[in-house]
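Biologist: I am new to this structure and would like to learn how to read its features step by step. Could you take me through them, giving the general idea before each case?

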Amino acid sequence: MGVFPDFDGLGGIGDLRAVVGALLTFVLIVAVLMLIVSAIAWAIATAHGNYATASKGRIGVLVAVGAAVLAGGSVAWMNWLLNLGQQL
């Protein structure tokens with residue numbers, strides 16, 4: 001059975017891949033910057049005893065890590081699905 005996605009069936013698919021790649025790069029850069037800023041805010045707030053701000057900084061760190069994992073993991077998952085589809 002030879003069922004697989006036909007990526008050449010749509011016009012401009014190369015442009016779509018370029019846009020998705022640029023968006024992924026943008027998401028990863030923003031996630032890293034958010035991680036740095038949130039970690040600094042968490043550390044400073046904890047050092048000064050401001051636990052409400054420290055909690056927000058910790059949540060920012062967790063959200064940034066989650067966004068980076070989801071963005072990076074989605075590429076690996078999509079590649080795995082495409083390889084699985086080509087093997088069928």
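Modeller: Let us begin with a single residue, Thr53, whose place is in helix 2, and please keep in mind throughout that this is a predicted model.

Biologist: Is Thr53 buried, partly exposed or exposed, and why?

Modeller: The general idea is to compare the relative accessible area with two cut-offs, since under 20% is buried and over 50% is exposed. Thr53 has 34% relative accessibility, and therefore counts as partly exposed. Its side chain is also joined to that of Asn50 by a polar contact of 3.2 Å, while the C-alpha atoms of Thr53 and Ala43, which are ten residues apart along the chain, are separated by 9.8 Å.

Biologist: How many helices and how many strands does the protein have?

Modeller: The secondary structure comes to two helices and zero strands. Helix 1 covers residues 13-47, and helix 2 covers residues 51-87.

Biologist: What span does helix 2 reach, and what span would be expected?

Modeller: The way to read this is to set the distance from the first C-alpha to the last beside the span expected at 1.5 Å a residue; for the 37 residues of helix 2 the distance is 53 Å, which is close to the expected 54 Å.

Biologist: Which residues of helix 2 are buried?

Modeller: They are Ala54, Gly57, Gly60, Val61, Ala64 and Ala71. When you look at such a list, a general rule helps: an α-helix has 3.6 residues a turn, so residues three or four places apart point the same way.

Biologist: What does Ser38 touch, leaving out residues up to four places away in sequence?

Modeller: Ser38, which lies in helix 1, touches Gly57, Gly60 and Val61, and these three are among the buried residues of helix 2. Ser38 is itself buried, because its relative accessible area is 11%.

Biologist: With which residues is Trp42 in contact once its neighbours within four places in sequence are left aside?

Modeller: Trp42, also placed in helix 1, is in contact with Ala54, Gly57, Arg58 and Val61. The C-alpha atoms of Trp42 and Gly57 are separated by 4.4 Å, although the two residues are 15 residues apart along the chain. Trp42 is nevertheless partly exposed, because its relative accessible area is 31%.

Biologist: How far apart in space are Gly21 and Val75?

Modeller: Here one reads two separations side by side, one along the sequence and one in space: Gly21 and Val75 are 54 residues apart in sequence and 9.8 Å apart from C-alpha to C-alpha. Gly21 is in helix 1, and is partly exposed because its relative accessible area is 30%. In a similar reading, Gly72 of helix 2 and Leu28 are 44 residues apart along the chain, with their C-alpha atoms separated by 8.0 Å. Gly72 has a relative accessible area of 36%, so this residue too is partly exposed.

Biologist: What share of the contacts with a separation of 6 or more comes from residues 24 or more positions apart?

Modeller: That share is 59% for this protein.

Biologist: Which residues form the nonpolar patch on the surface?

Modeller: The patch is formed by Ile29, Val32, Leu33, Ile36, Ile40 and Ile44, which together have about 550 Å² of accessible area. One of them, Ile36, has its place in helix 1, and is partly exposed because its relative accessible area is 44%.

Biologist: What do the totals for the protein say about its surface and its buried residues?

Modeller: The protein exposes about 6,700 Å², of which carbon and sulfur atoms supply 74%, and buried residues make up 11% of its 88 residues.

Key: Residues are numbered from 1 along each chain as its sequence is written. This is a predicted model: local features need pLDDT of at least 70, side-chain atom pairs count only at pLDDT 80 or more; totals for chains, interfaces and linings use all residues. Side-chain values use heavy atoms; hydrogens and water are left out. Helices (H or I, at least four residues) and strands (E, at least two) are DSSP runs, numbered from the N terminus. Buried means under 20% relative accessible area, exposed over 50%, partly exposed in between (1.4 Å probe, protein chains only). Contact means heavy atoms within 4.5 Å. The expected span of a helix is 1.5 Å times one less than its number of residues. Patches are made of residues with over 30% relative accessible area and no salt bridge: like charges are joined within 9 Å, nonpolar side chains (Val, Leu, Ile, Met, Phe, Trp, Tyr) within 5 Å. Accessible areas come from the Shrake-Rupley method with a 1.4 Å probe; for residues, only the protein chains shown count as cover. A salt bridge is a side-chain nitrogen of Lys or Arg within 4 Å of a carboxyl oxygen of Asp or Glu. A polar contact is a pair of N or O atoms within 3.5 Å; within protein, one must be able to donate a hydrogen and the other to accept it, and residues adjacent in sequence count only if both atoms are side-chain atoms.
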